[in-house]
Amino acid sequence: MCGIVGFCSKRQDKQSIIKAQLSVLHHRGPDDSDFYLNINIALGHTRLSIIDIEHARQPMVSQDSRYILIFNGEIYNYLELRRNLISKGMSFKTNSDTEVLLNLYMYYGKECVTKLNGMFAFAIYDIVEDSIFLARDHLGVKPLYYTYQDGEFIFASEVKAILKYPSVKAQVDMQSVNEYLTFQVMLKKHTLFKDIHTLDPATYIYIKNGKIKEKRKYWDFKYDIDDSKTQEQYSDELLHLLEDSVRIQTRSDVPVGAYLSGGIDSSLVSTLAKNSYIGD
């Protein structure tokens, strides 16, 4: 995992704030840490290196210097997306999924999220438009929290990084506490901290000039049942999906391991992963 953090503000002490925020996210990305600042924004990243260890540092700036990306997660289909983007005239300096994500946004804009297969939380800043595109993966595997207070937008992979922002106070949200004590879960997409929210899975936020302009859910489950297929056809399709999922999720420039509990799920995934490596 990695850690991302950022805020929209015209404060003069951005550097000291972003450094304090990154310090509490170090455990998420012990391999590297860096930040980007301008008069309107601060973006920070702590990195756990998995793909293209030497060249995929973040924040990553686009080749035309217009876009800056911070990204937590993995884009499993990045090789397929990379080939598609090259065919459309896009060029690459690295072999990372990070640059694929950045170029994908440059080419498709907000619709880039509909083409992603992976687990992710990322922010892309457009210098020309002074806008931020903030998105979370389909199932919400990667965390992303945000708050909008006194005209300032702050976001991070963990709440404690948001609490490092000088004007944000740690206050209990009693509605969330009541829901948790009653149901063992919070029914809405808020947190135990007042005015700090979690971004819904499969949702993006578009911020311009420091204000939220759009929030949209880009994907949802489909529960339609195709009665025309036999049980054998469904079994074959399920096996194909599992094999393909394991194949693309074990792409890595570092060693891959598996937690094996002895149950059906972990045994199946471990077996498919082993077969995938032998096949390579």
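**Figure 1. Leu 102 sits in helix H3 of this predicted model.** Helix H3 covers residues 97-108. Leu 102 has a relative accessible area of 1%. That value is under 20%, so Leu 102 counts as buried. What does Leu 102 touch, beyond its neighbours within four places in sequence? Its contacts are Met 60, Val 61, Ser 62, Tyr 67, Leu 69 and Ile 124. Ile 70 is another residue to find in this view. Along the sequence, Leu 102 and Ile 70 are 32 residues apart. In space, their C-alpha atoms are 9.2 Å apart.

**Figure 2. An open sheet is built from strands S4, S5, S6, S7, S11 and S12.** These 6 strands follow the order S4-S5-S6-S7-S11-S12. Their pairing is antiparallel. In general, strands of a sheet pair through backbone hydrogen bonds, either parallel or antiparallel. Which strands stand at the edges? They are S4 (60-61) and S12 (211-217). Each has a single partner strand, so one side of each is left without a neighbour in the sheet.

**Figure 3. Strand S6 pairs with S5 and with S7.** Strand S6 spans residues 118-126. How many bridges join S6 to strand S5? S5, residues 67-75, pairs with S6 over 9 bridges in the antiparallel sense. One bridge to pick out links Glu 74 to Met 119 in S6. On the S7 side, 6 bridges join S6 to residues 131-136. These two strands also run antiparallel. Ala 123 stands opposite Leu 134 in S7. Tyr 125 stands opposite Ile 132 in S7. S6 and S7 form a hairpin, with 4 residues between them. Look for Asp 130 in the turn: its phi is positive, at about 50°.

**Figure 4. Strand S6 is covered on both faces.** Of its 9 residues, 9 are buried. Gly 118, Phe 120, Phe 122, Ile 124 and Asp 126 lie on one side. Met 119, Ala 121, Ala 123 and Tyr 125 lie on the other. Two of these residues appear in other views. Ile 124 is in contact with Leu 102. Met 119 is one of the residues closest to the centre of the largest pocket.

**Figure 5. Thr 203 is a buried residue of strand S11.** S11 runs over residues 203-208. Thr 203 has a relative accessible area of 3%. Buried means under 20%, so Thr 203 falls in that class. Which backbone oxygen does the side chain of Thr 203 reach? The oxygen belongs to Asp 200, at 3.4 Å. Leave aside neighbours within four places in sequence, and Thr 203 is in contact with Leu 134, Ala 135 and Arg 136, among others. Its contacts also include Lys 215, Arg 216, Lys 217 and Tyr 218.

**Figure 6. Another open sheet is made of 6 strands, with antiparallel pairing.** The order is S2-S3-S1-S9-S8-S10. Strand S2 (32-37) and strand S10 (197-198) are the edge strands. Each of them pairs on one side only. S10 is joined to strand S8, residues 145-149, by 2 bridges. S8 and S10 run antiparallel. Where is the bridge partner of Tyr 145? It is Thr 198, in S10.

**Figure 7. The largest pocket holds about 1,000 Å³ of space.** In all, 31 residues line this pocket. Closest to its centre are Tyr 76, Met 119, Ser 245, Val 246 and Gln 249. Three elements each give two or more residues to the lining: S6, helix H6 (231-249) and helix H7 (264-279). Which element gives the most? H7 does, with 7 residues. By class, the lining has 16 nonpolar, 10 polar and 5 charged residues.

**Figure 8. The largest cavity holds about 40 Å³ of space.** Rolling a probe the size of a water molecule over the atoms shows where empty space is left. The count comes to 1 cavity of 30 Å³ or more. Which residues line the largest cavity? They are Ile 51, Glu 74, Ile 75, Tyr 76, Tyr 78, Asp 97, Ile 248 and Arg 251. By class, 5 are nonpolar and 3 are charged, with no polar residues. Tyr 76 lines this cavity, and Tyr 76 is also among the residues closest to the centre of the largest pocket. Glu 74 lines the cavity too, and its bridge partner in S6 is Met 119.

How values were computed
Residues are numbered from 1 along each chain as its sequence is written. This is a predicted model: local features need pLDDT of at least 70, side-chain atom pairs count only at pLDDT 80 or more; totals for chains, interfaces and linings use all residues. Side-chain values use heavy atoms; hydrogens and water are left out. Buried means under 20% relative accessible area, exposed over 50%, partly exposed in between (1.4 Å probe, protein chains only). A polar contact is a pair of N or O atoms within 3.5 Å; within protein, one must be able to donate a hydrogen and the other to accept it, and residues adjacent in sequence count only if both atoms are side-chain atoms. Contact means heavy atoms within 4.5 Å. On a 1 Å grid over the protein atoms alone, a cavity is a set of points where a 1.4 Å probe fits but cannot get out, and a pocket is an open set with protein on both sides within 12 Å along at least five of seven lines; lining residues have an atom within 4 Å of a point. Grid points are joined across faces, edges and corners, and a volume is the space filled by probe spheres set on the points. Ala, Val, Leu, Ile, Met, Phe, Trp, Tyr, Cys and Pro count as nonpolar, Asp, Glu, Lys and Arg as charged, and the others, Gly among them, as polar. Two strands pair if DSSP finds at least two bridges between them.
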